[in-house]
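Biologist: I'd like to go through this one with you, and I'll keep asking what the labels rest on. Can you put it up first?

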Amino acid sequence: MGRVVLDPSTGRVVTRVPDTDEAGVADAVARADAAFREVWAGTSPAHRAGLLRELANLLRDDRDEFAALERRNAGKPTARAVGEVDFAAQVVDWFAASARYPVGETHPAAPGMRTYTDRVPVGVCAAIAPNNYPLLLAVWKIAAALAYGNTVVVKPAPETPLSIRRLVGRAAEVLPEGVLTAVYGGAGTGRLLCDHPAVGMVSFTGSTAAGREVARRCADGLKPVSLELGGKSPVVVFRDADLDAAARAVVTGFTGNSGQMCVAGTRLVVDRAVHDEFVGRVAELAAALRIGRPQDPGTDLGPLISRAAADRAAEVVEEAAARGAEVILPPGRSAVRHDLDGGFFVHPVVVDGAPADGRAWREEIFAPVLSVASFDTDAEALALAHDTAYGLSASVWTSDADRVERFSRALRAGMVWVNTWGDTEETVSVGGLGRSGYGRELGIHAVEGYTRPRAVWVAHRRGR
């Protein structure tokens, strides 16, 4: 029958997609391995670049279809879904160009010897994508791996396989057979990919707990991994900041994609002198966001990906309230869950004074839940910002130039925004520190994950 795929805005079944069994995974990897050895590794960078540009154009040509799949399968409002398809096409274009960027160095050598380093593809890459950006984050991995001469077996999250299924089908019209294949299912399918000896590296985006298992399994085969994992990111707001701009950024940071972002700014660290005013602004702006069906053009917040995700958000907020935190819901609302068509909707919630050892402050919730703490000094602000095992992103808001420099240097996060939040470009490499993982996506440093450096000595025939 296959695994049920739901529409999170209604809770109804959209379709069923069978899990790929062990034989199916082995077949997909074998096809990718054959394509790498027989076709793709010997393809010139210029030819690969041309094929990637065709793939980017396919994304643009099918923009509405891909957006509709993301809307129905992941619950994304239309404008957000369209924007993500556009960004995915830009990413493919970027890696099409980067396929032809020079790499390596020529080293000084003795007469009759040429010494240089270059980079070689790892072979078959397993790309394991999450459910919050099903198409976009898979494309980040696919485009980079293909640009640098690898083949790819992609596994979408079990909740959101539909856009990747279409992408792989359409890509077959452009790419040689076996260069991009897909497998489907949950953790069991992912384990089969990690364990397969012909998989040369694994690129994984998901939870820290799942990332640990990926790293452990790949360690047995001594295969490299790239891990983009969870976050519990701080937004630090000082009294001298542009408070209106900061409030808007905070709301975007914890409610964007309905809070289902690894970089979500879900911990507000605010100057005590402006605490009441600022938290009030944030709560007011969040309450004005419209929860609705993804196809409605007026919708700001769509559903969470599953009923379990919505239940967990409610549970975490209730736990914080029971321990004395002030829970601020939109006016007229008394519950976190929002009843609409049987979908998995939740209201944006501000948890002021969240217990420092509680789940609301410490755990990644993947829902529009903001926890708030106050500070009096710069040192206390930095300590609160660092009060997490994660290190994916951080944002600081201040008009003090000296403080800008000190905090931008001191914040332990792979992505730091100053007087802004969320900026991401295909040309800039991103990734985390600490329990947020290692490896980099996008930009010039992506090549480091999908290739390996090699040293070459060439002895020339000496003259007679």
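Modeller: Setting aside neighbours within four places in sequence, S429 is in contact with R440, E441, L442, G443, I444, H445 and A446. This is a predicted model, so local features need pLDDT of at least 70 and side-chain atom pairs count only at pLDDT 80 or more, while totals for chains, interfaces and linings use all residues. Residues are numbered from 1 along each chain as its sequence is written, and side-chain values use heavy atoms, with hydrogens and water left out.

Biologist: What makes those pairs with S429 count as contacts?

Modeller: Contact means heavy atoms within 4.5 Å. As for G443, it sits 14 residues from S429 in sequence, and their C-alpha atoms are 4.2 Å apart.

Biologist: And why is S429 called buried?

Modeller: Buried means under 20% relative accessible area, exposed means over 50%, and partly exposed is in between (1.4 Å probe, protein chains only). S429 has 18%, so it counts as buried. That's in a loop, by the way, between strand 19 (415-418) and strand 20 (433-434).

Biologist: How do you know what counts as a strand or a helix?

Modeller: Both are DSSP runs, numbered from the N terminus: helices are H or I with at least four residues, strands are E with at least two. On that basis the protein has 15 helices and 22 strands.

Biologist: L442 was on the S429 contact list. What is notable about the phi of L442?

Modeller: L442 isn't a glycine, yet its phi is positive, about 65°. L442 lies in the loop between strand 21 (437-438) and helix 15 (447-450). At 0% relative accessibility, L442 counts as buried.

Biologist: Then there's L222, also with a positive phi, near 55°, and not a glycine. Is L222 buried or exposed?

Modeller: Its relative accessible area is 77%, so L222 is exposed. L222 is in a loop too, between helix 8 (208-220) and strand 9 (225-228).

Biologist: Why is E319 called partly exposed?

Modeller: E319 has 28% relative accessibility, which falls between the two cut-offs, so partly exposed is the label. E319 lies in helix 11 (residues 307-322) and, outside its sequence neighbours within four places, is in contact with G358 and R359. R359 is 40 residues away in sequence and 8.0 Å away C-alpha to C-alpha.

Biologist: What about V82, which is found in helix 4 (residues 78-98)? Why is V82 called buried?

Modeller: The value for V82 is 16%, so it counts as buried. Beyond four places in sequence, V82 is in contact with R63 and A67. P45 is another matter: 37 residues from V82 in sequence and 30 Å away, C-alpha to C-alpha.

Biologist: And Y148: which residues is it in contact with?

Modeller: Leaving out neighbours within four places, the Y148 contacts are R48, F95, S98, P121, G443, A446, V447, Y450 and T451. Y148 is in the loop between helix 5 and strand 6 (151-155), and with a relative accessible area of 10% it is buried. A49, 99 residues along the chain from Y148, has its C-alpha 9.6 Å from that of Y148.

Biologist: What makes a set of residues a nonpolar core?

Modeller: The members are buried Ala, Val, Leu, Ile, Met, Phe, Trp, Tyr and Cys residues joined through side-chain atoms within 4.5 Å. The largest such core has 92 residues, of which F95, V154, V237 and F278 touch the most other members. Helix 5 (residues 134-147) gives the largest share of this core, 12 residues. A second, separate core of 34 residues includes F238, I365, A381 and A394.

Biologist: What does V154 touch?

Modeller: Skipping residues up to four places away, V154 touches A127, A138, I142, I164, V168, L180, T181, A182 and V183.

Biologist: How do you know whether the protein agrees with a compact globule?

Modeller: The radius of gyration is taken over C-alpha atoms, and the globule rule is 2.2 Å times the number of residues to the power 0.38. For 464 residues a compact globule would come out near 23 Å; the protein has 23 Å, which agrees. Its C-alpha trace spans about 85 × 55 × 40 Å along the principal axes. Buried residues make up 55% of the 464. Among contacts with a separation of 6 or more, 72% join residues 24 or more positions apart.
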